[in-house]
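Student: Got a minute to walk me through this one? I'd like to start with what gets called buried.

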Amino acid sequence: MSQSTLSHPSAASPNRFQAVFDQIANGAIEREQNRILAYDAVDALRQSGFTAVRIPEKLGGENLSLRETFRLLVKLAAADSNLPQIIRAHFAFVEGERQRLTETGPGSSAGKWLETIHAGAIFGAAMAELGKATETTTTLTPKEDKWFLNGTKYYSTGSLYADWIAVVAVHDDKRYRVAVPTTAAGVTRVDDWDGFGQRLTGSGTTIFENVELSKEQIYHVLPKDVSPIDRFFTAFYQNFHLATLAGIAQAALRETIEFVRPRTRVFGVPGQSFQREDPLVQTVIGRLSSLAFAAEALVDRVSTTLEQASLLREQGLPDTVSQQAELEAFKAQQVIIPLVLDATTSLFEVGGASASSDKRRLDRFWRNARVLASHNPAIQRARELGDWELNGVPLDSGWTRKADAEAKNTQHFTPA
C-alpha cells in the first residue's frame with residue numbers, strides 16, 4: 001500500500017515542548033550529582049501533555065505522528081537521557097492499546113486505558129525477572145471473582161514514577177499482562193538499580209505480594225509458550241534506546257561547545273589564545289556535530305518505517321512493514337552505538353584535565369550511552385543480520401520466536 005493512501009496522524013511543532021525540555025535540562029547535572037530522582041521532571045512532562053501525545057483524536061487526544069514523537073524523544077534525551085527511558089514502557093503501553101483499539105473500539109478496555117492516560121496517568125513496567133533462565137515465574141491466581149498477583153520483578157523501568165505498572169504473569173498455560181496501581185496493597189517498589197549510568201530511571205526491583213486485581217485489570221493474554229512481543233514492538237522498543245543515544249550525542253555536542261567557546265587557553269600555546277579558533281578543536285567539534293547528525297538521521301529512518309507499520313495495523317490492513325522496521329532498527333543499532341560512544345569519548349580531546357571536572361559531569365554522557373548500549377545484545381544482532389543477508393534466515397532474537405506464527409491465538413479480556 002502506498003504511503004499516500006494511509007491516514008497520517010497530526011503533527012505538532014517540535015518547539016511546543018522545548019520550554020519543558022529546557023527546564024528538565026537545567027536540573028540534569030544537579031540530579032546527577034546528588035542522585036535526585038526525577039519526579040519533578042516526569043511531572044512536568046505529564047503537565048505539558050507530552051505523555052499523552054499519542055492518544056487518538058477520537059478519544060480527545062492529539063494523535064501526534066510516531067515519527068514526530070521520536071523526534072521529540074531525541075530532544076528530550078538531549079535534555080536528560082534518563083527521561084525517555086523512564087517513559088519508554090508508558091509509550092509502548094499506549095502503542096499497544098492504540099492497536100488493540102482497532103479491534104475492540106473506543107468503548108472497550110483499550111479505549112478506557114487510553115482515556116486514563118489522556119487524563120494524566122503514567123505507566124511503568126515490570127516484565128523481567130532475575131534467575132537462571134529467561135522465564136516468567138510471577139503468578140496470577142484466580143479466586144472467586146478476583147485475581148491475586150505474586151512475584152518479584154527487576155529492571156522495572158519507570159515504575160518509581162508511575163501511577164500504574166504493566167506486569168507480566170503466568171497462570172496454567174497462559175501468560176497474562178495486567179495493569180496494577182502502584183498504590184495497591186502488596187506492591188513494593190525498591191530503588192536498587194545500581195548501574196553506573198542511567199542512574200535515575202527507576203529500573204530497580206518491584207515486589208508483588210498477594211496483590212488483589214479485578215478482571216478488568218487483565219488487558220492481554222497469550223499462550224504461555226508464545227512470545228508477548230512481535231516484530232513491531234521489538235523495533236519500537238529498540239528505537240527508543242536509539243533515540244535516547246541520539247539525544248546523548250546532541251547533548252554532548254551542546255555542552256562541549258558551551259565549554260569551549262569562553263576558553264582563552266590552549267595547552268602548549270604560550271600566552272592567551274581562543275580555543276574556539278584552534279583548528280584541532282574545530283575539527284573535534286565538527287566531528288561531534290556530524291556524529292550527532294548521523295545518529296538522529298538513522299533514528300528518523302527507523303521511525304518513518306515504524307510509522308507506516310503502525311498505520312497499517314491501526315487500519316486493520318496486513319502489516320507488511322514491521323519486519324523491515326526490525327531490520328532497520330537492528331542495523332541502526334550497529335552504527336549508532338559505536339558512533340555515540342565515540343562522540344562521548346572524543347569530546348574530552350578539547351578540554352584537557354578541566355573537562356573532567358565533577359561540576360560539569362561530562363562523563364555522564366559516556367556512562368549513560370554505555371549502559372543504554374548494554375541493554376540489548378548488539379553483537380547477537382550483528383550475527384542475526386549476517387545470517388539474514390547470507391542465508392535468508394529471519395531475525396529471531398528469542399523474543400519474537402513463534403510470535404509471527406502463533407499471534408492468531410491471542411485473546412483479549414474486556415470489562416464485563
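Tutor: Sure. Buried here means under 20% relative accessible area. Keep in mind that this is a predicted model.

Student: OK, so which residues of helix α7 are buried?

Tutor: In α7, which spans residues 109–118, the buried ones are Ser109, Ala110, Gly111, Trp113, Leu114 and Ile117. An α-helix has 3.6 residues a turn, so residues three or four places apart point the same way.

Student: And what covers the buried residues of α7?

Tutor: The cover includes one helix, α6 (88–104), along with strands β1 (123–126), β4 (164–171), β5 (174–181) and β8 (218–223).

Student: What follows α7?

Tutor: Gly120 follows, and its phi is positive, near 125°.

Student: You mentioned β1. Which of its residues are buried on each side?

Tutor: Phe123 and Ala125 are buried on one side, Gly124 and Ala126 on the other, so to speak a strand with both faces covered.

Student: How many bridges join β1 to β4, and do they run parallel or antiparallel?

Tutor: Four bridges, and the two strands run parallel. Within that pairing, Gly124 sits opposite Ile165 of β4.

Student: Switching to the hairpin. How do β2 and β3 connect?

Tutor: There are two residues between them, and Glu144 in the turn has a positive phi of about 60°. Strand β2 (residues 139–143) and strand β3 (residues 146–153) run antiparallel, joined by five bridges. Thr141 is found opposite Phe148 in β3.

Student: Which other strand do bridges join to β3?

Tutor: β7, residues 205–213, is antiparallel to β3 and joined to it by six bridges. Over there, Trp147 faces Leu213 of β7.

Student: Now the helix packing. What's the angle between α4 and α9?

Tutor: About 150°, with the axes 8 Å apart; α4 covers residues 66–79 and α9 covers residues 279–314. Angles over 145 degrees count as roughly antiparallel, so that is what α4 is relative to α9.

Student: Is the crossing left-handed or right-handed?

Tutor: Right-handed, as α4 passes α9.

Student: Which residues make the contact?

Tutor: From α4 you have Leu66, Arg67, Phe70, Arg71 and Val74. The α9 side brings Glu296, Val299, Asp300, Ser303, Thr304, Leu306, Glu307 and Ser310.

Student: How does that contact split by class?

Tutor: Between α4 and α9 it comes to five nonpolar, three polar and five charged residues.

Terms used:
Residues numbered from 1 in each chain as written. Predicted model: local features only at pLDDT ≥ 70, side-chain atom pairs only at ≥ 80, totals over all residues. Heavy atoms only, no water. Buried < 20%, exposed > 50% of the residue type's maximum accessible area, 1.4 Å probe, protein only. Contact = heavy atoms within 4.5 Å. Pairing = 2+ DSSP bridges. Axes fitted to C-alpha atoms, helices over the stretch in contact; angles between N-to-C directions. Parallel < 35°, antiparallel > 145°, perpendicular 65-115°, else oblique. Left-handed = near helix turned anticlockwise from the far one by under 90°. Nonpolar A, V, L, I, M, F, W, Y, C, P; charged D, E, K, R; others polar.
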